[in-house]
Amino acid sequence: MCLFNPAKTPISVLLALLLGAVTAQAGAQVVREGARLSPVTNQQRTVPGFYRLMLGKFEITALSDGTVTLPLDKLLTNTTPAQLKKLLGRAGVDPQAAEISINAYLVHTGERIVLIDTGAGSLFPNGGRILQSLSAAGYSAEDITDVMITHIHGDHSAGLSREGKRVFPNATVHVDGRDADFWLDSSNAAKHPNHASFFAQAKLDLSPYLASGKVRRFGASDELVAGIRALPAPGHTPGHSLFAVESEGKKLVLWGDLIHDMESQFNAPGVAISFDVNQSAAIAQRKIALNDAAAKGYLVGAAHISFPGIGRVLADGSSYRWLPVTYSETGLTSQGKRR
Ligand SMILES: [Zn+2]
């Protein structure tokens with residue numbers, strides 16, 4: 001039974017009730033707005049990344065492994081603090097803590113499903129996302145028939161193995177014989193003290209595949225599967241390789257570590273990095289590759305250019321410009337077409 005009868009309730013009580021209702025409604029509004037204005041740091045990550053495009057009959061998928069933050073001011077060589085300040089500063093890049101993409105590439109040729117580089121595994125706090133990105137793109141680790149490694153450095157090869165086991169159990173790993181010979185020979189560590197940690201990492205990454213007979217060492221300019229050819233580009237490491245992917249007259253060249261920092265090395269290709277085993281050879285290979293890509297207009301994919309790291313190169317006097325691929329929601333536009 002309701003004891004509340006508006007006709008018999010004093011006006012002051014009605015006003016108090018009405019005011020209370022209004023106040024409660026206003027309170028609810030504040031709560032709703034409060035919920036909408038939750039702290040901006042609530043969502044700290046983006047989703048696992050993939051970006052797809054067709055190259056002739058081949059399906060190309062750029063896969064994000066995440067990023068690594070590097071003190072470029074301490075790592076880049078053959079440059080000056082003033083040059084770095086100018087080149088990085090105008091792009092808003094912090095030379096002391098530059099966040100660098102780690103990209104890998106999946107090529108489905110119709111016959112083979114090829115992963116080119118594997119990301120950094122557990123080496124970096126914001127890396128190691130390759131399997132999430134692969135899954136988001138509709139593939140699993142078991143689907144991969146071939147893994148091609150541009151070179152044996154942890155940010156490209158540490159994703160191969162986890163806790164002594166193969167992450168890609170059905171894949172043959174293709175690696176340049178010179179890189180395998182160099183990094184898997186631990187006696188080289190003493191001769192290259194600045195690169196010593198990479199030798200132990202190389203063993204961790206490749207041993208499970210070596211034990212299973214699943215490593216294939218390739219030589220210069222070998223065609224590894226139909227439509228994908230290795231191109232030697234030694235310098236960054238002794239067997240550093242590019243991969244030329246071609247289908248129906250369309251071409252994409254995957255660059256590995258020819259570029260670590262786009263802002264400085266496109267503008268001044270002579271800028272090197274202390275990770276280069278042979279810096280002068282690495283500089284020479286960068287200049288050859290930039291010049292060739294600019295002259296021929298094919299697509300380029302690069303492990304450390306901002307994700308998806310696919311675009312074209314334009315010559316601009318003695319320097320170069322990067323033209324990122326035009327975003328396509330379907331990935332079906334003719335991205336492999338020469339401009
Ligand atoms: Zn790298």
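Strands here are DSSP runs of E with at least two residues, numbered from the N terminus. With that in hand, a quick tour of this predicted model.

**The whole chain**

The protein has 339 residues, and 47% of them count as buried. Its secondary structure adds up to ten helices and 18 strands. Among contacts with a separation of 6 or more, 69% are between residues 24 or more positions apart.

**The zinc site**

Let's start with the metal. Which residues coordinate the zinc ion? Asp155 (OD), His156 (NE2), Asp257 (OD), Asp257 (OD) and His304 (NE2) do, at 2.1 to 2.6 Å. Asp257 is listed with OD twice. Along the chain, the donors follow the spacing D-H-x100-D-x46-H. Asp155 sits in helix α5 (residues 154–157), while Asp257 belongs to the loop between β14 (250–254) and α9 (262–267), so this pair ties together parts that are 102 residues apart in sequence.

Here is how some residues of interest compare on burial, with Asp176 and Ala120 coming up again below.

| Residue | Relative accessible area |
|---|---|
| Asp155 | 15% |
| Asp257 | 3% |
| Asp176 | 3% |
| Ala120 | 0% |

Asp155 counts as buried because the cut-off is under 20% relative accessible area.

**Ala120, in touch with Asp155**

Ala120 is placed in the loop between β5 (113–116) and α4 (130–136). Is Ala120 buried or exposed? Its relative accessible area is 0%, so Ala120 is buried. Leaving aside neighbours within four places in sequence, Ala120 makes contact with Asp65, Ile102, Gly154, Asp155, Ala158 and Gly159. One of those partners, Asp155, is also a zinc donor. For another partner, Gly154, the C-alpha atom is 5.6 Å from that of Ala120, although the two residues are 34 apart along the chain.

**Asp176 in strand β9**

Asp176 is part of strand β9 (residues 172–176). What does the side chain of Asp176 pair with? There is a polar contact of 3.5 Å between the side chains of Asp176 and Ser241. Not counting residues up to four places away in sequence, Asp176 touches Phe218, Gly239 and Ser241. Asp176 is also buried, at 3% relative accessibility.

**Helix α3 and its two faces**

In helix α3 (residues 81–89), the buried residues include Leu84, Leu87 and Leu88. Looking down the axis of α3, the buried residues fall within an arc of 90°, so they line one face of the helix. The general reason is that an α-helix has 3.6 residues a turn, so residues three or four places apart point the same way. What does the buried side of α3 pack against? The partners are α2 (72–75), β3 (76–77) and α9. On the face turned away from that side, α3 carries the exposed residues Ala82, Lys85 and Lys86.

**Helix α8 and its bend**

Helix α8 (residues 196–211) has 16 residues and reaches 23 Å from its first C-alpha to its last, close to the 22 Å expected at 1.5 Å a residue. Where does α8 bend? The bend is at Asp205, by about 40°, and a proline, Pro208, follows within four residues. Both Asp205 and Pro208 are buried. Other buried residues of α8 include Phe198, Phe199, Gln201, Ala202, Leu206 and Tyr209. After α8 comes Gly213, with a positive phi near 65°.

Methods: Residues numbered from 1 in each chain as written. Predicted model: local features only at pLDDT ≥ 70, side-chain atom pairs only at ≥ 80, totals over all residues. Heavy atoms only, no water. Buried < 20%, exposed > 50% of the residue type's maximum accessible area, 1.4 Å probe, protein only. Polar contact = N/O pair within 3.5 Å; in protein donor to acceptor, adjacent residues only side chain to side chain. Contact = heavy atoms within 4.5 Å. Donors = N, O, S within 2.8 Å, 3.2 Å for Na, K, Ca; no water. Arc of directions from axis to C-beta. Expected span 1.5 Å × (residues − 1). Bend = angle between axes of the 7 residues up to and from the residue.
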